[in-house]
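Trainee: Could we go through how some of the labels are given here? I would like to see each value set beside its rule.

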Amino acid sequence: MNKMTNMNFIFLALPFIFGFQEKSSPLQIFKKYITGDFDNKRQIEEEIKQGKQIHPYAVHINRLADKKIKNKPKRKGFWLIEESYYTYPDGKSKINHHLFFFEALGTASVTLYAYDLPKSLPMAKLVNTNMDLVIDFNDLKISSLFKPASYQFDGKKTFTINAPDIVTG
């Protein structure tokens, strides 16, 4: 009996020993793509090299925020805080932070929903390093300006966005 238990353990461990793992879902893959620190430094360097900077230098700091949202309904997805910092060619700067929810829909689609911040929460406090930040889901509403966007996964490594009118107003 002991031999059978050991054999079962070895059989169950084989995928981990040989590096075989369950295929990641489109939501898991998208989460890996969207979280992290991003900027457009190469774009700006190229614009300057071409003689004119057109776009602002942008830095985006994207972190999971599931633990910062209380009373949230059970949905297959994840919350993310996107901190965005812009420096324009004239030297002016702007911050623009967002609270997003990414939801798995179907077998190959992820939908992004932007949420308006509660009036009691200034944008400057919506930062990933704010360890005291807790947002009650009941105080949130889907943004009327930032329309939901659908990302279609090709089954390999690419997502294509379907958002013909992503920002309105």
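Trainee: Why is Asp37 called exposed?

Mentor: Exposed means over 50% relative accessible area, buried under 20%, and partly exposed in between (1.4 Å probe, protein chains only). Asp37 has 52% relative accessibility, so it counts as exposed. Keep in mind that this is a predicted model, where local features need pLDDT of at least 70, side-chain atom pairs count only at pLDDT 80 or more, and totals for chains, interfaces and linings use all residues. Residues are numbered from 1 along each chain as its sequence is written, and side-chain values use heavy atoms, leaving out hydrogens and water.

Trainee: What makes Arg63 and Asp37 a salt bridge?

Mentor: The rule asks for a side-chain nitrogen of Lys or Arg within 4 Å of a carboxyl oxygen of Asp or Glu. In this pair the closest N and O atoms are 2.8 Å apart, and the rule is met. Arg63 is in strand 2 (residues 57-64) and Asp37 in strand 1 (residues 36-39), so the pair links parts 26 residues apart in sequence. Strands here are DSSP runs (E, at least two residues), numbered from the N terminus.

Trainee: How many salt bridges does the rule give?

Mentor: It gives 2. Arg75 and Glu103 also form one, at 3.3 Å from N to O.

Trainee: Why is Glu103 called buried, and what is Arg75 called?

Mentor: Glu103 has a relative accessible area of 13%, so it is buried. Arg75, at 27%, counts as partly exposed.

Definitions and conventions:
Helix = DSSP H or I, 4+ residues; strand = E, 2+ residues; numbered from the N terminus.
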